[in-house]
Amino acid sequence: MAPAEWNVYNPDGDRRVVVTKRLPGDRWLNLLTDANCRVEVCSSDDVLTTGEIADRIGEKCDAVIGQLTEDWNAGLFAALAAAGGTAYSNYAVGYNNVDVAGATAAGIPVGNTPGVLTETTAEMAVTLTFAAGRRVVEADRFMRTGRYRGWLPTLFMGQRFYGGTIGIIGAGRIGSAYARMMVEGHKMNLVYFDLHRNEDLEQYVSEYSEFIVARGESPLSCRRAETIEDLLGAADVVSVHTVLNESTRHLINADRLSAMKPDAILVNTSRGPVIDESALVDHCRTHPDFKVGLDVFEDEPAMKPGLASLDNVTVVPHIASATSWTRQGMATLAAANVAAILQGFPVWGGPDILPFLDGVAPQAAPSIVNAADLGL
């Protein structure tokens, strides 16, 4: 494999910032150059290894913006600290690829990019729900290969969502946004599983139910499931929105797949290892009416053997956040985290991050996940 190529911006900048992938837009780059940073951006689409990143950090590096595909372990943060580095930001809201404790031990603040992916990711979960449930990819392939001979009463029958039950595992920002879209848009009842009760979501569904009842429609319900099994048995659609850690790895396994309705729909836009993908392949083979929509994969970018050949599985390549506004916003937040730390600015305490996306950015770091541990 040929060595990765790098583009350099503002070569005379006093602070050296390494960016391991090309990022969309130019606001992020302007934030760094305005902070007097020399910015070195990898132009290769290949995932950089830990060794390649360490080599690029070299003997003098002030900060890095990295990717969720990279293993940011304690050794890499030690190398960054040894090079004089004082900041790192993940180009993602999640940071399961980051050893936060290792970064904290090295004195490195870890930034992430929350607040700009919520609706965009929830919209992709809705997209996958309908694509899987209404068999869009199967029908598209059928049409393109010239097999359509005319309308038939039984051709590509799928699921009806209106009035059904939606189940969400993880009722955080994205899970709640998805739930509201499905409840409000398709009059679905809601059951959710989360370690904490989401009173705002429950109130939202209650008030929306009152609104539609006043207009002559049937009431809707929302409840927090006592167990995941309770949710799986009740839901027509299950959408996963949990973080990835040791407690959620293979959260959806063979036993829990068997607890779902035989014609249920399973959607995952969180992290691939939350689902035991080999067990999923087996379940889909033996349950042809079961439908799946996946944006993420256990061994990403690879899929488990057999997954790609299943007609009842819809797959897309980790694009849930792939809108121009969101991806440019992520780049802005990642750069703002780094620029703020390098300039000695505090951590942002505002209610949301929208002020960073347009106009004059606040003199603050939008989101530092280990700020408290570092006394920031």
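In this predicted model, residue N253 sits in the loop that connects strand β10 with helix α10 (254-258). Its relative accessible area is 25%, and because buried means under 20% and exposed over 50%, N253 counts as partly exposed. Leaving aside residues up to four places away in sequence, N253 touches D276 and A279, while its side chain reaches the backbone nitrogen of D255 at 3.3 Å. P114, by contrast, is 139 residues from N253 in sequence and 29 Å from it in space, taken C-alpha to C-alpha.

Strand β10, which precedes this loop, belongs to an open sheet of 7 strands with parallel pairing, arranged in the order β9-β8-β7-β10-β11-β12-β13. The edges of the sheet are formed by β9 (222-224) and β13 (313-315), each of which pairs on one side only. On average, and with direction ignored, neighbouring strands of this sheet are turned by 15° against each other. As a general point, strands of a sheet pair through backbone hydrogen bonds, either parallel or antiparallel. Here β10 (residues 237-240) runs parallel to β7 (residues 165-169), and 4 bridges join the two strands; within this pairing, I169 has V240 of β10 as its bridge partner. Helix α7 (residues 173-186) lies across β7, β8 (189-193) and β10, and its direction makes an angle of about 175° with that of β7.

Further along the chain is helix α12 (residues 324-342), whose 19 residues should span 27 Å at 1.5 Å a residue, and this agrees with the 27 Å that separates its end C-alpha atoms. Of the 19 residues of α12, 15 are buried, so the helix is largely enclosed by the rest of the structure. G344, which follows α12, has a positive phi, near 80°.

The table lists elements that take part in the sheet or lie across it.

| Element | Residues |
|---|---|
| Strand β7 | 165-169 |
| Strand β8 | 189-193 |
| Strand β9 | 222-224 |
| Strand β10 | 237-240 |
| Strand β13 | 313-315 |
| Helix α7 | 173-186 |

Taken as a whole, the protein chain has 13 helices and 13 strands. Its radius of gyration is 23 Å, close to the 21 Å that the globule rule gives for 376 residues, so the chain is as compact as a globular protein of that length. The C-alpha trace spans about 70 × 50 × 35 Å along its principal axes. Buried residues account for 50% of the 376 residues, and among contacts with a separation of 6 or more, 66% are between residues 24 or more positions apart.

How values were computed:
Residues numbered from 1 in each chain as written. Heavy atoms only, no water. Pairing = 2+ DSSP bridges. Axes fitted to C-alpha atoms, helices over the stretch in contact; angles between N-to-C directions. Contact = heavy atoms within 4.5 Å. Expected span 1.5 Å × (residues − 1). Buried < 20%, exposed > 50% of the residue type's maximum accessible area, 1.4 Å probe, protein only. Polar contact = N/O pair within 3.5 Å; in protein donor to acceptor, adjacent residues only side chain to side chain. Rg over C-alpha atoms; globule rule 2.2 N^0.38 Å.
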